[in-house]
Amino acid sequence: MNSQNNLFDSLLPPPDLPDGMFYRQKALVGNEDALYAALSAILAVAPPAQARTRGGGLTSAAITNCGHFGWWSDAKGYRYQARRPDNGKPWPPIPNIFFDTVERVMSDTPWPDFKPDSCLINFYGAGAKMGLHQDRDEKDLSQPILTICLGDDAIFMVGGFSRTDKATSFVVSSGDVLIMGGASRMRFHGIRKVYSGTGSLENLSGRYSLTFRKAF
Ligand SMILES: O=C(O)CCC(=O)C(=O)O
C-alpha cells in the first residue's frame with residue numbers, strides 16, 4: 001500500500017455527518033461524461049478565471065458561473081451579478097442536464113423543490129485550494145447548496161460556525177455529491193488539497209466543483 005492509500009484510509013467519509021449535511025458518495029458515477037460535456041460547453045463560452053479578493057489577492061481556484069446570476073469577487077467585495085465581469089454579457093444558462101441532476105439528487109432530501117438560479121463553477125488546477133469559508137451571499141439562507149465533484153480527488157473540510165472550530169476532513173471524488181442545508185447551511189467548509197492526476201475522466205485534468213445555489 002502506498003502512502004497515498006494510507007492517507008486516504010484516514011480520510012474516509014465520516015459515518016455521522018452533522019444534521020443538514022448529506023454526502024452522496026459516487027451518486028453520479030456513470031453520468032460524469034455527460035455532465036462534463038455540458039460543463040465543457042459552458043467553459044468554452046465563459047472560461048474560468050481567478051477573481052480578485054477583497055484583500056487584493058487572487059482566488060486560488062479559477063471561477064466561472066452559469067445561471068441567471070453568477071457569484072463574483074473583486075475589490076468591491078463578494079456578490080451575485082447577472083452580468084459577466086469580463087464582457088458584460090449574461091452568464092450561460094444552466095443546462096437541462098444540470099437541472100435534472102439537481103432534481104434527482106434532491107428528491108429524497110428536505111429540499112425536493114430546490115431550484116437553483118446560479119451555479120458557481122470552481123476549477124482547481126495543481127496546488128489550488130479553498131480556505132474555510134461560509135456561503136453567505138445568498139438572499140435566503142434556508143435554501144441549501146449542492147455540490148457536484150468532477151475530476152481529481154480532493155480533501156473536503158467541514159467545520160463549525162466559527163472559522164476556528166475544529167474541521168473534519170474527508171476525501172471527495174469525481175461523481176460525489178455534497179449538500180449543505182438546514183442546520184449545516186452556515187458551516188465553514190473548504191478544500192484543503194487536490195490530488196492532481198487522480199481523476200479518470202477523459203480530457204479533464206484538474207478538479208471542478210459545480211455548486212448550485214439560489215442566489216435570490
Ligand atoms: O470545491 C468544493 O467542493 C467546495 C466549493 C465551495 O466551498 C464553494 O464554492 O463555496
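In this predicted model, six strands make up an open sheet, laid out in the order β1-β10-β7-β12-β5-β2 with antiparallel pairing. The two ends of that order are β1 (21–24) and β2 (62–67), and since each of these edge strands has just a single partner, one side of each is left without a neighbour in the sheet. Going from strand to neighbouring strand, the turn averages 15°, direction ignored.

Zooming in on one pairing, β7 (residues 145–151) and β10 (residues 177–180) run antiparallel and share four bridges. Ile148 has Val177 of β10 as its bridge partner.

Two helices meet these strands. Helix α2 (residues 32–45) packs on the sheet and touches β2, β7 and β12; the direction of α2 makes about 95° with that of β7. Helix α3 (residues 96–106), for its part, lies across β1, β5, β7, β10 and β12, and α3 runs at about 115° to β7.

Then there is the ligand. The shell around the ligand is made up of Leu120, Asn122, Met130, Asp135, Thr147, Phe156, His189, Gly190, Ile191, Ser209 and Thr211. Sorted by character, that shell comes out as six polar residues, four nonpolar and one charged. Three strands, β5 (118–124), β11 (189–195) and β12 (207–213), each put in at least two residues. The largest share comes from β11, with three residues. Of these contributors to the shell, β5 and β12 also appear in the strand order of the six-stranded open sheet, and both are among the strands that α3 lies across.

Key: Residues numbered from 1 in each chain as written. Predicted model: local features only at pLDDT ≥ 70, side-chain atom pairs only at ≥ 80, totals over all residues. Near = placed C-beta within 6 Å. Nonpolar A, V, L, I, M, F, W, Y, C, P; charged D, E, K, R; others polar. Pairing = 2+ DSSP bridges. Axes fitted to C-alpha atoms, helices over the stretch in contact; angles between N-to-C directions. Contact = placed C-beta atoms within 7 Å.
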